[in-house]
Amino acid sequence: MGQILADLGGELATLFLSVLGALPYLALYVGLILFALFVFTQVKQRLSSLQDYTSLKTVTFGDESAVISNKAASVISVVLIFVIWGAFTGSKWLPGFLHAPGPFLGEASFTYTLEAEDGSTDDATVSVIVHEAGQVPDAPEVAPGEGVAKDDVLVVQAYRSKLLRWDANDEVTRKDGAKIVAVDGEPISRDADVEVGFGRVALTDKGTLNFEPAKGMQMESIWLPAPESVWQRLISVSRDGYQNVTLAEHLSYSLFRVIVGFALGAAVGIPLGYAMGLSNWFRGWFDPIVEFMRPVPPLALIPLVIIWAGIGEQGKIILLFLAALWIMAIGARSGVSGVKISKVHAAYSLGANKRQILRHVIIPNSLPEIFTAARVAMGVCWGTVVAAELVAAEKGVGKMIVAASKFQDTDIVLMGIILIGIIGFGIDMLMRWGEKYLVPWKGKG
């Protein structure tokens, strides 16, 4: 038990340090948001002399009808995200002054101090050449110099590290009791590294030197490729496909699975929610089942779905169906429960029967909640389709992402994620448009 707590404590400490490391970037992003808001507000106040109807309202703060999406803020937000993305990846689409400090590239040198077994010391210079990935320059010949310690050369790729076996050409070696005691005049040990301005030099357990060039603030392309790399892969995959499947096929298969799974979930979930909202018996019967299944993530159901339906298309559709079912049922139940009783009494007083109340009162007033649940369910289905396509899928965006991740094609992985987000956002906007025209009475009492 103590070991488990110690391991958890170590993981929490690592997580805490990671969060602390991300705080400056988060503060930068928040600062840019506030700065953009300030500039936009000042420009709007100075250039706009017209008032809209919203500005004439006496109460705007807390009034949902007075808060609408600011298109300028949306554009600035998207542009800012791409600027930050490009700045921390050294994108060629951005001017150089917007780039975050990049990794060290070029030539430099540092000096190490060798101490022999008899206590005598000598210095040697190490010439360092740091190159980009895919460009391996030839190591130049350097004069060994005079003394016991001989000069050396080290060629290393950016974002990587390399060992220097300093005694390979020195007159005394580690076997003779020699050791490195300082780098650039600063003491070095296994517990104390030395920063040399263009990188970091560490002493390994075996006594060799490990040099790691400065990485700067930009991310390596294998972790986060630049925007133009993702765009180029989008063009190439659109033209040539990926793993003998075109991009249109990948997208259409994923879209088909999501739409069918969502439609089946809505077809079952909405009547189930209505039954739970209108009947004590149905609510008592199904409420435990719905509330039990609601917090269960769809990913946890994958093994069970494979056992039940196999690894074909049926299993993927069933998984997406279950992802949408409980959300739609809860949305419909909430919509029925939210109908104002005064409207029901008014309909009864006018002679309406139960069928007419269901058609003209309950269904229209519950549609806003159902549309909201549909948007949430569609988002969950899009989030689940990647996992659903993990199971022996040959086509689909999720399949493409998983296959690309195995070969560390991060640009394709990021491209797939962006495409899923864009399509999901488009579907959500389509649902909002449908809600606006099909449920114009939303929020109007």
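**Reading the sheets, cores and rings**

Student: How many bridges join strands S8 and S9, and in which sense do the two run?

Tutor: Five bridges join S8 to S9, and the two strands run antiparallel. The model is a predicted one. As a general idea, the strands of a sheet pair through backbone hydrogen bonds, either parallel or antiparallel. To follow the pairing of S8 and S9 in the structure, find Leu203, which stands opposite Leu209 in S9. The hairpin of these two strands has five residues between them, and Gly207 there takes a positive phi near 95 degrees.

Student: Which strand pairs with S9 besides S8, and through how many bridges?

Tutor: S4 does, through three bridges, again in the antiparallel sense. Lys162 has Phe211 in S9 as its bridge partner.

Student: In what order do the strands of this sheet stand?

Tutor: The order is S4-S9-S8-S7, in an open sheet of four strands with antiparallel pairing. Its edge strands are S4 (162-164) and S7 (194-195), each of which pairs on one side only. S7 is joined to S8 (residues 199-203) by two bridges, and Val194 stands opposite Val201 in S8.

Student: How should I read the two sides of a strand?

Tutor: In a regular strand the side chains alternate between the two faces of the sheet. In S9 (residues 209-213), take alternate residues as one face: Leu209, Phe211 and Pro213 lie on one side, Asn210 and Glu212 on the other.

Student: Which of the faces of S9 are covered?

Tutor: Both are, since the residues on either side are all buried. Counted along the strand, five of its five residues are buried. Buried here stands for under 20% relative accessible area.

Student: What does the other sheet look like?

Tutor: Five strands form an open sheet in the order S3-S2-S1-S5-S6, and the pairing is mixed. S3 (152-157) and S6 (186-187) each have a single partner strand, so one side of each has no neighbour in the sheet. S5 (residues 179-183) pairs with S6 in the antiparallel sense over two bridges. Val183 has Glu186 in S6 as its bridge partner.

Student: How many helices and strands are there in the whole chain?

Tutor: The chain has eleven helices and nine strands. Of its 445 residues, 35% are buried. Residues 24 or more positions apart account for 66% of the contacts with a separation of 6 or more.

Student: How do I read the length of a helix, say H2?

Tutor: Compare the span with what is expected at 1.5 Å a residue. H2 (residues 71-87) has 17 residues and reaches 24 Å from its first C-alpha to its last, close to the expected 24 Å. The buried residues in H2 are Leu80, Trp85, Gly86 and Ala87.

Student: Which residues have the most contacts inside the largest nonpolar core?

Tutor: They are Leu247, Phe262, Met328, Met400 and Met415, in a core of 45 residues. The elements giving two or more residues to this core are H3 (227-240), H4 (247-278), H7 (313-337), H8 (341-349), H9 (354-388), H10 (397-406) and H11 (410-438). H9 gives the most, with eleven residues. For a close view, take Phe262: leaving aside neighbours within four places in sequence, its contacts are Ala324, Met328, Ala374, Ala377, Met378, Cys381 and Met431. Another core lies apart from this one and has 25 residues, including Phe110, Ala124, Ile180 and Leu203.

Student: How many aromatic pairs does the structure hold?

Tutor: It holds eight. To read a pair, look at the distance between the ring centres and the angle between the planes. Tyr112 and Trp166 form a tilted pair, 6.4 Å centre to centre with 55 degrees between the planes. Tyr112 is in strand S1 (residues 106-115) and Trp166 is in the loop between S4 and S5, so the pair links parts of the chain 54 residues apart. Tyr112 is buried, with a relative accessible area of 0%, and Trp166 is likewise buried, at 0%.

Student: Are the rings of Trp433 and Tyr437 buried or exposed?

Tutor: Trp433 and Tyr437 are both exposed. Their ring centres are 5.2 Å apart and their planes stand at 50 degrees, so the pair is tilted. Both residues lie in helix H11, four residues apart, about one turn of the helix.

Student: Which residues form an aromatic cluster?

Tutor: Phe104, Phe110, Phe198 and Phe211 form one such cluster. Phe211 is also one of the buried residues of S9.

How values were computed:
Residues are numbered from 1 along each chain as its sequence is written. This is a predicted model: local features need pLDDT of at least 70, side-chain atom pairs count only at pLDDT 80 or more; totals for chains, interfaces and linings use all residues. Side-chain values use heavy atoms; hydrogens and water are left out. Two strands pair if DSSP finds at least two bridges between them. A nonpolar core is a set of buried Ala, Val, Leu, Ile, Met, Phe, Trp, Tyr and Cys residues joined through side-chain atoms within 4.5 Å. Buried means under 20% relative accessible area, exposed over 50%, partly exposed in between (1.4 Å probe, protein chains only). Contact means heavy atoms within 4.5 Å. The expected span of a helix is 1.5 Å times one less than its number of residues. Rings of Phe, Tyr and Trp (its six-membered ring) pair if their centres lie within 6.5 Å; planes under 30 degrees apart count as stacked, over 60 as edge-to-face and the rest as tilted.
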